[in-house]
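Me: I have a structure open and would like to talk it through before I go back to the bench. Could you walk me through it?

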Amino acid sequence: MNLTLKVWRQNGNKEKGRMETYQVSDISPDSSFLEMMDILNEQLIEEGKEPVAFDHDCREGICGMCSMYINGEAHGPGDRITTCQLHMREFNDGDTIHIEPWRAKAFPVIKDLVVDRGAFDRIMAAGGFVSVNTSGNTQDANAIPIDKNDADKAFDAATCIGCGACVATCKNASAMLFVSAKVSQFALLPQGQVEARERAVNMVNKMDEEGFGNCTNTGACEVECPKGISLENIARMNREYLKGSIS
Ligand code: SF4
Ligand code: FES
């Protein structure tokens, strides 16, 4: 496949970015999108140009690092996949592909396609944890019976990989889907009850402080989420927030 790539290039948050145009040829339809980016970078290095900076790690849909906005879609075309799981067979020979970073005030561009998602870590530090009594008489977690429905819902919420596609997709750059998944994975389990009163309030307040926008129920986050995190979690988080605010 021969392709024209329009790639966002930017030297940090203080500088203005721009689209640069590159041609790549003889790309196998079976190569992954990130392998295609590797080929582009090898080509740029051979030409004495600076390679495109982009995030990646596991390359199997687990780590949530590969954050690219491809042809106006977070993680590009295809349902329930991350950028590293996207293959070039989804495109046609001769296509022009636009590649941009996540765009959100709370995710400042570090370089080219790499953004700083440290705000997610700070939200987790504000409440995304459980405390365990290690005084010597700790109860074995496996000995606590949990309703199968709750266990399944908690597991589904815990599959959020923190990629940030929900924020990038949302017209308000809201992080509600991410935060609600993290609140829900604890709210549904007995182990999460120790901090239950403060968790949602602390995490939501941190989310606002970090500059994410408000949720206006458009649902784009759920559509683009590679893990299919449900909007039901946002409703649960709002209930947890209310309970925490009045207790
Ligand atoms: S909710 Fe989905 S889109 Fe948002 S960070 Fe988690 S996995 Fe990514
Ligand atoms: S590189 Fe890990 S999810 Fe894509």
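Reply: What follows goes through the domains, the sheet, a helix pair and the ligand in turn, and please keep in mind that this is a predicted model.

Me: OK, domains to begin with: how is the chain divided?

Reply: The chain is split into domain 1, covering 3-111, and domain 2, covering 117-246. The C-alpha centres of these two domains are 29 Å apart, and the contact between them draws 18 residues from domain 1 and 17 residues from domain 2.

Me: And what classes of residue are on the side of domain 1 that touches domain 2?

Reply: On that side, domain 1 has nine nonpolar, five polar and four charged residues.

Me: Switching to the sheet, what's the strand order?

Reply: The order is β2-β1-β5-β3-β4, with five strands forming an open sheet whose pairing is mixed. The edges are β2 (18-24) and β4 (73-74), each of which pairs on one side only.

Me: Mixed how? Which strands does β5 pair with, and is each pairing parallel or antiparallel?

Reply: Strand β5 (residues 96-100) pairs with strand β1 (residues 3-9) in the parallel sense, over four bridges, whereas strand β3 (residues 69-70) is joined to β5 by two bridges and runs antiparallel to it.

Me: Which residues can I click on to see the β1 and β5 pairing?

Reply: Leu 5 stands opposite Ile 97 in β5, Lys 6 has His 98 as its bridge partner there, and Val 7 has Ile 99. For the pairing of β3 with β5, look at Tyr 69, which stands opposite Glu 100.

Me: How many bridges join β1 to β2?

Reply: Seven bridges join β1 to β2, and these two strands run antiparallel. A pair to look for here is Trp 8 and Met 19, since Met 19 in β2 is the residue that Trp 8 stands opposite.

Me: Which helix lies across those two strands?

Reply: Helix α1 (residues 33-46) lies across β1 and β2, and its direction is at about 95° to β2.

Me: New topic: at what angle do α3 and α5 cross?

Reply: Helix α3 (residues 148-158) and helix α5 (residues 176-187) cross at roughly 145°, with their axes coming within 8 Å. The crossing in which α3 passes α5 is left-handed.

Me: Which residues meet there?

Reply: From α3 there are Ala 154, Ala 157 and Ala 158, and they meet Ala 181, Ser 184 and Gln 185 in α5. By class, that contact has four nonpolar, two polar and no charged residues.

Me: Last thing, the ligand. Which residues are closest to ligand 1?

Reply: The closest are Cys 160, Cys 163, Ala 165, Cys 166 and Cys 225, out of the 14 residues that surround ligand 1.

Me: Which elements give two or more residues to that shell?

Reply: Those elements are α4 (165-169) and α5, and α5 gives the most, with three residues. So that you can place it, α5 is also the helix that crosses α3 at roughly 145°.

Me: And how does the shell divide by class?

Reply: The residues around ligand 1 divide into eleven nonpolar, two polar and one charged.

Terms used: Residues numbered from 1 in each chain as written. Chains lettered and ligands numbered in written order. Predicted model: local features only at pLDDT ≥ 70, side-chain atom pairs only at ≥ 80, totals over all residues. Pairing = 2+ DSSP bridges. Contact = placed C-beta atoms within 7 Å. Axes fitted to C-alpha atoms, helices over the stretch in contact; angles between N-to-C directions. Domains from an automatic or database assignment. Nonpolar A, V, L, I, M, F, W, Y, C, P; charged D, E, K, R; others polar. Left-handed = near helix turned anticlockwise from the far one by under 90°. Near = placed C-beta within 6 Å.
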